[in-house]
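Ready for a few exercises on reading a protein model? Have a go at each task yourself, then check the worked solution.

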Amino acid sequence: MGLGIIVRDEYGFVLGGYGCTKEKSFNSDWAEIMAIEEGIFLAKKMNIKKVLFESDNANIVNNINSKGQDITFIGQRANDIHLQLKSFEAAAVTWAPRSSNRIADFICKFVLKSNCKWVIDVNYPSEIHELVIQDVINGS
């Protein structure tokens, strides 16, 4: 399984990203939980104080925002994420359409194909730059 994360500033400028593979295969809910956890780790590492996590998985967004109401394993993991978000100055998790997830999807596919970890900074490759430009044009 591959995970792809993209970091933008408040203006939408891409600051970096991260991609990695996981040994096991999980359903989309677990994959999204893991991606958000990796995103939290990355945001802390980059010393980002205000975060907005976007996910195209409404179930996970609702679980994280329900603050521990779901007693399943995934619900408890979502509650753990909710608690971790309190360490930021400001934090939110919102739903975003799948079409606004192209860069993270590209990173995910790249790390799966290459079987690697990939750390991206502001000097990102041209493939990502093209996706950034498409996002600006499409208003994503």
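**Exercise 1: cysteines**

The structure holds 0 disulfides, a disulfide being a pair of cysteine sulfur atoms within 2.5 Å. Keep in mind that this is a predicted model, where local features need pLDDT of at least 70 and side-chain atom pairs count only at pLDDT 80 or more, while totals for chains, interfaces and linings use all residues. Residues are numbered from 1 along each chain as its sequence is written, and side-chain values use heavy atoms, leaving out hydrogens and water.

Task: work out how far the sulfurs of C20 and C116 are from their closest cysteine partners, and say how accessible each residue is.

Solution, step by step:
- Start with C20: the nearest cysteine sulfur belongs to C108 and is 8.9 Å away, and C20 is in no disulfide.
- Next, C116: its closest cysteine sulfur is in C20, at 9.8 Å, which is too far for a bond.
- Now accessibility. Buried means under 20% relative accessible area, exposed means over 50%, and partly exposed is in between (1.4 Å probe, protein chains only).
- C20 has 2% relative accessibility, so it counts as buried.
- C116 has 23%, so it counts as partly exposed.

**Exercise 2: two helices**

Task: describe how α1 and α2 pack. Helices here are DSSP runs (H or I, at least four residues), strands are runs of E (at least two), and both are numbered from the N terminus.

Solution, step by step:
- Get the geometry: α1 (residues 28–45) and α2 (residues 58–65) pack at about 55 degrees, with axes 9 Å apart. Axes are lines fitted to C-alpha atoms, for helices over the stretch in contact, and angles run from 0 to 180 degrees between N-to-C directions.
- Sort the angle: under 35 degrees is roughly parallel, over 145 roughly antiparallel, 65 to 115 roughly perpendicular, and the rest oblique. So α1 and α2 are oblique to each other.
- List the contacts (heavy atoms within 4.5 Å): D29, E32, I33 and I36 in α1 meet N59, I60 and I64 in α2.

**Exercise 3: unusual phi**

Task: which phi sign do N47 and N115 have, and where do they sit?

Solution, step by step:
- Recall the background: most residues other than glycine have a negative phi.
- N47 has a positive phi, near 60 degrees. N47 lies in the loop between α1 and β3 (50–55), and is exposed at 52% relative accessible area.
- N115 also has a positive phi, near 50 degrees. N115 lies in the loop between α4 (102–114) and β5 (118–120), and counts as exposed at 61%.
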